[in-house]
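Please examine the sequence and the three-dimensional structure shown here. The paragraphs that follow lead through its strands and helices.

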Amino acid sequence: MMYGFDMERALRAMRAELTNHGVQELRTPEEVDAVLGKKEGTALVVVNSVCGCAAGAARPGVVEALKTSTVLPDHITTVFAGQDKEATARAREYFKGFAPSSPSVWLLREGEVVFKLERHQIEHRSASDIAADIRTALQKHCNRAGVATA
């Protein structure tokens, strides 16, 4: 704890903001490969971050999109940049041709990137705007009926 700030507690809260809403956290390269390596169906991957735009727009936008979308991807996952470095590096290998970006949101269909929101598309935008972009992508690329999350 430095300067009265408990970083571990803050990181748990940042992780829980997604995992409490049904997002599967992938913390090792093996966990990433187990989900993304199949290259079947659709997978949403949130590259979480400690930055302000992750807290103010990315995480709340993802949660809002999941709660309000009429369709969902087959897999809803997250890796945490700067925290679970090996898992994040492995996830980024599935985003071929794109520079690393955190926070970011990726939608893969049959192993190919069909939608992305990179940091520059998240900064200075509202969570509702982010949610709308994600919902549109889910409706375009996913088939599984949406279910409200906790």
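In the hairpin of β5 and β6, two residues lie between the strands, and Glu110 takes a positive phi near 55°. The structure is a predicted model, in which local features need pLDDT of at least 70 and side-chain atom pairs count only at pLDDT 80 or more, while totals for chains, interfaces and linings use all residues. Residues are numbered from 1 along each chain as its sequence is written, and side-chain values use heavy atoms, with hydrogens and water left out. The names of the elements follow DSSP runs, numbered from the N terminus: helices are H or I runs of at least four residues, and strands are E runs of at least two.

The two strands of the hairpin, β5 and β6 (residues 112-117), pair in the antiparallel sense over five bridges; two strands pair if DSSP finds at least two bridges between them. Within this pairing, Trp106 has Lys116 of β6 as its bridge partner, and Leu107 has Phe115 of β6. Strand β5 (residues 104-109) is mostly covered, with five of its six residues buried (buried means under 20% relative accessible area, exposed over 50%, and partly exposed in between, with a 1.4 Å probe and protein chains only).

Strand β5 is also joined to β2 (residues 42-48), by six bridges, and these two strands run antiparallel. Here Val45 stands opposite Trp106 in β5.

How are the strands of the open sheet ordered? The sheet has five strands in the order β1-β4-β2-β5-β6, with mixed pairing. Strands β1 (24-25) and β6 stand at the edges with a single partner strand each, so one side of each is left without a neighbour in the sheet. Strand β2 is joined to β4 (residues 75-80) by six bridges, and these two run parallel. In this pair, Val47 stands opposite Val79 in β4.

Helices pack on this sheet. Helix α2 (residues 29-36) touches β1, β2 and β4, and its direction makes about 155° with that of β4. Helix α3 touches β2, β4 and β5, and its direction makes about 160° with that of β2. Axes are lines fitted to C-alpha atoms, for helices over the stretch in contact, and angles run from 0 to 180 degrees between N-to-C directions.

Helix α3 (residues 52-68) also meets α6 (residues 127-141): their axes come within 7 Å and cross at roughly 50°. The two helices are therefore oblique to each other; angles under 35 degrees count as roughly parallel, over 145 as roughly antiparallel, 65 to 115 as roughly perpendicular and the rest as oblique. Residues of α3, including Gly56, Ala57 and Pro60, meet residues of α6, among them Ala127, Ser128 and Ile130, where contact means heavy atoms within 4.5 Å. The residues of this contact of α3 with α6 divide into eight nonpolar, four polar and two charged. Ala, Val, Leu, Ile, Met, Phe, Trp, Tyr, Cys and Pro count as nonpolar, Asp, Glu, Lys and Arg as charged, and the others, Gly among them, as polar.

Finally, helix α1 (residues 7-19) packs with α3 at an angle of about 30°, with their axes 9 Å apart. That makes α1 roughly parallel to α3.
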